[in-house]
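The following note is offered to a colleague who will examine the coordinates alongside the text. The points are numbered for ease of reference.

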Amino acid sequence: MEDRILILDFGSQYTQLIARRIRELRVYSEIRPYHIGVDEIEAFSPKGIILSGGPSSVHDSDAPLCAAEVFQLSIPVLGICYGMQLMAYMCGGDVEKAQKREYGKASLVIVDHSDLFKGLPDGIQVWMSHGDKVIALPPGFTILAGTENSPYASMAHRKRGLYGLQFHPEVAHTPQGKVILSNFLFNICRCKPTWTMEAFLGKSIREIRQVVGEERVLCALSGGVDSSVVALLVYRAVGDQLTCIFVDNGLLRSGEAKRVLDTFSRHFHINVRFVDASERFLDRLRGITDPEEKRKIIGEEFIRVFEEEAGKLGHVRYLAQGTLYPDVIESTSVMGPSATIKSHHNVGGLPEHLPFTLLEPLRELFKDEVRELGRIMGLPWEVVGRQPFPGPGLAVRIVGEVNEERLRILREADAIVEEEVRREGLYYKIWQSFAVLLPVKTVGVMGDERTYEYVVAIRAVESLDGMTADWVKLPYALLERISNRVINEVEGVNRVVYDISSKPPSTIEWE
Ligand code: XMP
């Protein structure tokens, strides 16, 4: 059996990100709820245990605790954020109840480089997001690193194999975080890096076959990376039992419908049905301005269209969807405590009573892992490399009411952004670059005439997984070209602005 790591989940938004970093380091891991018993832990036979972060305080009367034996098993344990506070608390240290949260980048000073911080310089940047903090180490523990606000930002009891990190090594904002996790896996737990994406592919195919049996499957194909990969994966598993449905919801980008159908008929021999449902969607969206309501309507209408199409096909039991981990975590929480940020179309926008059973084979994965999976199944680069596009389409890039006129403006502006970003050679280098239509009109002057027209915002972000993102410093000359072209070529726009917000605290899409 391969070496495996057990992650105990205390409800952090980042728990899956820990799992994903471990996969990147080619070690198998599983996430289980924090309260599992010691028998289950021993049966899993982990080489190491990671305690995730979480929103609770160890001082809460109902604070989530893991089995006390976790710290006595002679298996190395790494506590992250809440996980570290819990380790300190359960091993006899002192945790201070927060007066205020520490949130954002911090400078870590490393004082002990012997194992967890091996190979790192004395000072590194880390990402903090916590309230409580350790103020006295438990007996036998030593300090490995500190920051100005958290003197005990990392601690260890080497003999017992217990390690704690107050910051989050799993997020991109801790640039050296992977070295720290790698040190834990390979120096401390002595894991061997044997897990591969091919192994994931094989396992997924077997699981899909087993679940689906002789039943039929529908797949909502959008042409994006996720649904393309799901379609191909399910096709590899069950062949012609799969029918894909491509719905034109009227919220697609310029030329999208044709492009998707061309790509799929050229590259695949999968059964694809095309449904033009744009009028229905736009009718239902008329007059609606609330972002969550828009998302819910679009999700519901999608399912209605599917039901109708499925009805024409006879009995279909399963609906395959390209739901990824960030969609899941930001819509609902596995554990409950993390807050809903947006109802993502793939998940929270769905009505409660579905006539299908959902098949979501990418649910544990992040975007770049999905790209890698697509690549090893032989999907062409133009499909796997495509920038993400949200399920609710242009509707979440038109702030406020969606109508034909606004869609026309946004489509034209967006096509210019894509063309110019591609021409600059940046399209595949950045996570997303697109236009947003703001429902405000401002005064301008064209020729000798006063104008009073819409504002278009340009958004370009770098991200590894969509969970956090930084705005991209696009070259001024490119911004200038985009601005000139949008104002000159798109009727109805007289102003272009550039969005310079990162996620968090903003999100990538405007709604
Ligand atoms: P936000 O706006 O939440 O976006 O920062 C994070 C990433 O998710 C994409 N996104 C969606 N994808 N259905 C999707 O399939 C959705 O409803 C949805 N909303 C946002 C967004 O484009 C970004 O890549």
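**Note on the structure**

1. Val-109, Val-111 and Ile-143 make up a nonpolar surface patch whose joint accessible area is about 250 Å². Patches consist of residues with over 30% relative accessible area and no salt bridge, joined within 9 Å for like charges and within 5 Å for nonpolar side chains (Val, Leu, Ile, Met, Phe, Trp, Tyr). Areas were obtained by the Shrake-Rupley method with a 1.4 Å probe, and for residues only the protein chains shown count as cover. Val-111 belongs to the loop between β6 (102-110) and β7 (123-130); helices (H or I, at least four residues) and strands (E, at least two) are DSSP runs numbered from the N terminus. Val-111 is classed as exposed because its relative accessibility is 55%, the classes being buried (under 20% relative accessible area), exposed (over 50%) and partly exposed (in between), with a 1.4 Å probe and protein chains only.

2. On provenance, the model is predicted: local features require pLDDT of at least 70, side-chain atom pairs count only at pLDDT 80 or more, and totals for chains, interfaces and linings use all residues. Residues are numbered from 1 along each chain as its sequence is written, and side-chain values use heavy atoms, with hydrogens and water left out.

3. Arg-4 is part of strand β1 (residues 4-9). With a relative accessible area of 14%, Arg-4 is buried. A polar atom of the Arg-4 side chain lies 3.3 Å from the backbone oxygen of Phe-44. Contacts of Arg-4 (heavy atoms within 4.5 Å), leaving aside residues up to four places away in sequence, are made with Tyr-28, Glu-30, Phe-44, Ser-45, Pro-46, Lys-47 and Gly-48.

4. Arg-21 is located in helix α1 (residues 15-24) and is likewise buried, at a relative accessible area of 5%. Beyond residues up to four places away in sequence, Arg-21 touches Glu-170, Val-171, Ala-172, Leu-181, Leu-464 and Asp-465.

5. Which residues of helix α8 (residues 278-285) are buried? They are Ser-278, Phe-281, Leu-282 and Leu-285. These residues lie on the same side of α8, because they cover an arc of only 95° around the axis; the arc is that of the directions from the helix axis to the C-beta atoms. As a general matter, an α-helix has 3.6 residues a turn, so residues three or four places apart point the same way. The buried residues of α8 pack against β13 (242-248), β14 (272-276), α9 (291-313) and α13 (404-423). After α8 comes Gly-287, with a positive phi near 80°.

6. Within α8, Ser-278 counts as buried at 18% relative accessibility, whereas Glu-279, also in helix α8, counts as exposed at 65%. Ser-278 touches Asp-248, Asn-249 and Gly-250, not counting residues up to four places away in sequence. The C-alpha atoms of Ser-278 and Lys-312 are separated by 19 Å, with their positions 34 residues apart along the chain. For Glu-279 and Ala-136, 143 residues apart along the chain, the C-alpha separation is 64 Å.

7. The count of salt bridges is 44, each defined as a side-chain nitrogen of Lys or Arg within 4 Å of a carboxyl oxygen of Asp or Glu. One of them joins Glu-40 and Arg-32 at 3.0 Å, N to O; Glu-40 is partly exposed, with a relative accessible area of 36%.

8. A further salt bridge joins the side chains of Asp-60 and Lys-97 at 3.8 Å, N to O. Asp-60 sits in the loop between β3 (48-51) and β4 (77-80) and Lys-97 in the loop between β5 (94-96) and β6, so the pair ties together parts 37 residues apart in sequence. Both partners are partly exposed, Asp-60 at 29% and Lys-97 at 43% relative accessibility.

9. Glu-301 and Arg-284 form a salt bridge in which the closest N and O atoms are 2.9 Å apart. This pair links distant parts of the chain, with Glu-301 in helix α9 and Arg-284 in helix α8, 17 residues apart. Is Glu-301 buried or exposed? Glu-301 counts as buried, at 4% relative accessibility, while Arg-284 counts as partly exposed, at 29%.

10. Finally, a network of salt bridges links Glu-419, Glu-420, Arg-423, Glu-424, Arg-481, Arg-485 and Glu-489.

How values were computed. A polar contact is a pair of N or O atoms within 3.5 Å; within protein, one must be able to donate a hydrogen and the other to accept it, and residues adjacent in sequence count only if both atoms are side-chain atoms.
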